[in-house]
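User: Hello! I am new to this structure and would like to go through it step by step. Could you show it to me?

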Amino acid sequence: MSYDPPRTAGRLLLTPEDEEAPARTRRVRRLGLGERAEPSLDAFADRLAEVTDAPYAMVNFIDEERQFFAGLHTPTGGRAARGGKPEVGRRLPREYGYCPYVVVRRKALVLEDVRDYPRFAGNPVVDEYGIHAYLGAPLIDRAGLVLGTVSVADLAPRPWGKAGLETIKATAADLAGRLEHRAAGGPPL
């Protein structure tokens with residue numbers, strides 16, 4: 001898949017402009033998300049990692065300046081399991097990773113080897129965390145607002161295939177439904 005991010009004054013923007021960020025930030029905060037780790041979303045990320053056999057799985061909420069992984073699964077086994085790279089924390093700058101593209105595109109993004117795409121290969125997560133493959137889908141609420149993403153990543157190139165794409169999209173739709181149910185006063189996730 002390819003994506004042409006917007007251009008401003010003739011220069012390529014590394015991170016796409018996100019006009020919905022203020023509305024998303026307000027909505028996510030009203031849901032009580034995006035500020036602290038959620039054990040139920042960590043469990044969700046653990047299941048997603050297991051289903052996709054990926055070392056990283058995330059439920060990510062993005063505001064104007066940063067990303068917050070309310071649900072996070074990382075490799076067990078210390079630095080060696082991460083290819084000698086540091087541990088990914090709960091917060092990353094907005095320009096790190098590929099989830100901001102998913103949010104703005106409002107569509108799933110499949111990167112089997114991020115190094116094959118010049119606009120994605122230079123992303124800081126490649127060098128700092130060793131991420132070489134990514135698969136993510138947007139969390140879209142009933143009003144059509146993208147709340148965040150569900151994603152997985154790998155340290156090696158990976159053929160996610162049609163099954164991977166269908167899995168991440170179905171997982172995102174399932175979680176978006178759960179978030180709507182929570183917003184309506186339903187049980188916790």
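Analyst: A polar contact is a pair of N or O atoms within 3.5 Å; within protein, one must be able to donate a hydrogen and the other to accept it. Keep in mind that this is a predicted model.

User: Thanks! Which side chain is joined to that of Thr25 by a polar contact?

Analyst: Thr25 is found in helix 1, residues 21-30. Leaving aside its neighbours within four places in sequence, Thr25 is in contact with Asp63 and Glu64. The polar contact spans 3.3 Å, and the side chain at its other end belongs to Glu64.

User: Is Thr25 buried or exposed?

Analyst: The cut-off for buried is under 20% relative accessible area. Thr25 has 8% relative accessibility, so Thr25 counts as buried.

User: Let's turn to the sheet. In what order do the six strands of the open sheet come?

Analyst: The edge strands, each pairing on one side only, are strand 5 (91-93) and strand 6 (109-111). From one strand to the next, the twist averages 25 degrees. The pairing is antiparallel, and the order is 5-4-3-8-7-6.

User: How many bridges join strand 7 to strand 8?

Analyst: Strand 8 also pairs with strand 3 (residues 56-62), in the antiparallel sense and over six bridges. Strand 7 and strand 8 run antiparallel too, and the number of bridges joining them is eight.

User: Which residue of strand 8 stands opposite Leu139?

Analyst: Opposite Met58 we find Ser151 of strand 8. Phe61 stands opposite Gly148 in strand 8. Leu139 likewise has as its opposite residue in strand 8 Gly148.

User: How many residues of strand 8 are buried?

Analyst: Helix 2 (residues 39-52) packs on the sheet and touches strand 3, strand 4 (66-73) and strand 8. Helix 7 packs on the sheet as well, with strand 8 among the strands it touches. Strand 8 is mostly covered, and its buried residues number nine of nine.

User: What angle does the direction of helix 7 make with that of strand 7?

Analyst: For helix 2, the direction makes about 70 degrees with that of strand 4. Helix 7 touches strand 3, strand 6, strand 7 and strand 8, and its direction makes with that of strand 7 an angle of about 30 degrees.

User: Now the charged side chains. Which residue meets Glu180 in a salt bridge of 3.4 Å, N to O?

Analyst: The salt bridge at 3.4 Å, N to O, brings together the side chains of Glu180 and Arg142. Glu180 lies in helix 7 (residues 161-183) and its partner in the loop between strand 7 (133-140) and strand 8 (146-154), so the pair ties together parts that are 38 residues apart in sequence. Glu180 counts as buried at 11% relative accessibility. The partner counts as exposed at 68% relative accessibility, and its name is Arg142.

User: Which residues are linked with Arg142 in a network of salt bridges?

Analyst: The structure holds 16 salt bridges. In this network, Arg142 is linked with Arg27, Asp141 and Glu180.

User: One more: how far apart are the closest N and O atoms of Asp174 and Arg178?

Analyst: Asp174 and Arg178 are four residues apart in helix 7, so about one helical turn separates them. At 36% relative accessibility, Asp174 counts as partly exposed, and so does Arg178 at 31%. The two form a salt bridge, and the distance between their closest N and O atoms is 3.2 Å.

Terms used. Residues numbered from 1 in each chain as written. Predicted model: local features only at pLDDT ≥ 70, side-chain atom pairs only at ≥ 80, totals over all residues. Heavy atoms only, no water. Salt bridge = Lys/Arg side-chain N within 4 Å of Asp/Glu carboxyl O. Helix = DSSP H or I, 4+ residues; strand = E, 2+ residues; numbered from the N terminus. Buried < 20%, exposed > 50% of the residue type's maximum accessible area, 1.4 Å probe, protein only. Pairing = 2+ DSSP bridges. Axes fitted to C-alpha atoms, helices over the stretch in contact; angles between N-to-C directions. Contact = heavy atoms within 4.5 Å.
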